[in-house]
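Visitor: I would like a close look at a single part of this chain. Please pick one strand and work outward from there.

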Amino acid sequence: MCGIFAYLNYNATRERRHIVELLFNGLRRLEHRGYDSAGISIDADPCRAPVTVSSGAVLPSPPPLVFRQEGKIENLVSSFDHEAVVVELDLELSFTSNAGIAHTRWATHGEPSPINSHPQTSGEGNEFLVVHNGIITNYMDLNETLLKYGFHFESDTDTEVIPKLAKFVHDILNEDLGSDGGDKQVVPFTQIMMDVMRQLEGAYALICKSPYYPNELVACKRGSPHLLGVKETGDMRTDINVESDLSAEGHHGKPKEYYLASDANAIVEHTRRVLVIEDNEVVHMNDGAVHIFKFDSDKSRRLLRPASVQRGLSTLEMEVEQIRKGNFEHFMQKEIHEQPDSLTRTMRGRLIRGGEQKAKGILLGGLKDHLKTIRRRRRILFIGCGTSYNAALAAIPVVEELSGIPVTMEIANDFLDRQGPIYREDTAIFVSQSGETADTLQALEYAKSNGALCIGITNTVGSAIARGTHLWHPPKCRM
């Protein structure tokens, strides 16, 4: 699965060298997901005057710089170091605000190569840049449409249609509103991305940046994991207030740093304060504030002011040591050797020792209120993918023996493809290490729509699968 990472500093002076190294380290924290190429995009040197590119577009800031390479992240680092010397890139240059995006790619459309790596671009001038985790299933239809409007495609990826579609929407909307595309942008960045989302089919988590909207990032999600980490000096604002007056806290606010990633591993070393982005949410970072909008999939609607959402931040329940490989050669070896400790941590607080007046037992907080219901169900159905499927398969004999209820096992995507039978009398248990597995998530929605009692087993508190089950109890206080 591809990995995405982004960093935006606001009113916090950082050298370009620091920003680049931070992006590289973010990608290193995602190596365990598997990849065959990587890339980053950072801001070019600031320019006070608008920039005109050969296509005739007038950009309020210079085109972002893009660096891509196949192979390991260290290949990208070496390539960047070489290119930085060739173009005399000033790594000591400081930025008060800068938006950088990064990506590790696992090839699905097109072979591993720099041209197929992310960030993918809208074309000359890098007017829109996108990093993407997931698959766009209707990319061929979009490709054909954009070709008719004069766009040229360089890569074999499904992702390239996204930035080109963003440019197409941007040009059309600004033309409709009489904008000259210069210093003042009439069309909000979020509206452009929402119009793009209305055309996309499939699963995705993506981050978009553009020189038309300097020091801004937009993140969108549908079916793929996406998190936002927030770091602020002084007292942390505990709620992300999407309706706050930016004139008071925007241009003169406290220094802030934002981190976007497809995995908490890339965020926890910077901050534990996170927002788990929900499906069909659009998150906009601008002027030291975060705005969250709920996406409306109705293609006939064009929202000038989309519905905003106020959300609380939560706290990551993981340690920095968990994301490090330590003395092991690779992460799989690390996970194998950590199994005894992992089992101990899993059972901690759940085993009741008993005593003179108390019997020994097991306490599973999420299940205790539903045990009677589960006992009355006609069967238990485990659903998962990959190693989660194998783990559940190994547990079936034990669960069946202890419960006295028939237990079956399903691979999530196969179960969805054939629309497997599931009823109100069933208990469906969804197993996922990350809690964000796309096929398992879709199977969860399918089971809920058919009335089954849905339970999740996952390593990640607050993940999409955890929140989507009937046993999820959100925190009572806003953190």
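Guide: Start with strand E18, residues 289–294. Five of its six residues are buried, so E18 is largely enclosed by the rest of the structure. Buried here means under 20% relative accessible area. Keep in mind that this is a predicted model.

What does E18 pair with? Strand E17, residues 281–286, runs antiparallel to E18, and six bridges join the two. One position to look up is Val-282, whose bridge partner in E18 is Phe-293. In general, strands of a sheet pair through backbone hydrogen bonds, either parallel or antiparallel. The link between E17 and E18 is short: the two form a hairpin with two residues between them. Asp-287 sits in that turn and has a positive phi of about 55°.

Next, the cover. Helix H5, residues 189–197, has buried residues that pack against both E17 and E18. The same buried residues also pack against helix H4 (161–176), strand E11 (202–209) and strand E12 (217–222). H5 is itself mostly covered, with nine of its nine residues buried. Among them are Phe-189, Ile-192, Val-196 and three methionines, Met-193, Met-194 and Met-197. Thr-190, Gln-191 and Asp-195 are buried too.

Now step back to the open sheet. Eight strands form it, with antiparallel pairing, in the order E6-E3-E8-E1-E15-E13-E16-E21. Strand E6 (65–70) and strand E21 (314–315) are the edge strands, each pairing on one side only. Inside that order, strand E13 (residues 227–232) meets strand E16 (residues 273–276) over three bridges. Gly-229 has Val-274 in E16 as its bridge partner. Helix H1, residues 16–28, packs on this sheet and touches strand E1 (3–10), strand E3 (37–42), strand E8 (98–105) and strand E15 (256–261). The direction of H1 makes about 150° with that of E3. Helix H2, residues 73–86, packs on the sheet as well, touching E3, E6 and E8. Its angle to the direction of E6 is about 135°.

For contrast, go to the surface. Leu-343, Met-347, Leu-351, Ile-362 and Leu-364 form a nonpolar patch there, with about 470 Å² of accessible area together. Met-347 lies in helix H8, residues 339–347. At 30% relative accessibility, Met-347 counts as partly exposed.

Finally, the whole chain. It holds 13 helices and 27 strands. Of its 479 residues, 51% are buried. Among contacts between residues at least 6 apart in sequence, 73% join residues at least 24 apart. The accessible surface comes to about 23,200 Å², and carbon and sulfur atoms account for 51% of that.

Technical notes: Residues are numbered from 1 along each chain as its sequence is written. This is a predicted model: local features need pLDDT of at least 70, side-chain atom pairs count only at pLDDT 80 or more; totals for chains, interfaces and linings use all residues. Side-chain values use heavy atoms; hydrogens and water are left out. Patches are made of residues with over 30% relative accessible area and no salt bridge: like charges are joined within 9 Å, nonpolar side chains (Val, Leu, Ile, Met, Phe, Trp, Tyr) within 5 Å. Accessible areas come from the Shrake-Rupley method with a 1.4 Å probe; for residues, only the protein chains shown count as cover. A salt bridge is a side-chain nitrogen of Lys or Arg within 4 Å of a carboxyl oxygen of Asp or Glu. Helices (H or I, at least four residues) and strands (E, at least two) are DSSP runs, numbered from the N terminus. Buried means under 20% relative accessible area, exposed over 50%, partly exposed in between (1.4 Å probe, protein chains only). Contact means heavy atoms within 4.5 Å. Two strands pair if DSSP finds at least two bridges between them. Axes are lines fitted to C-alpha atoms, for helices over the stretch in contact, and angles run from 0 to 180 degrees between N-to-C directions.
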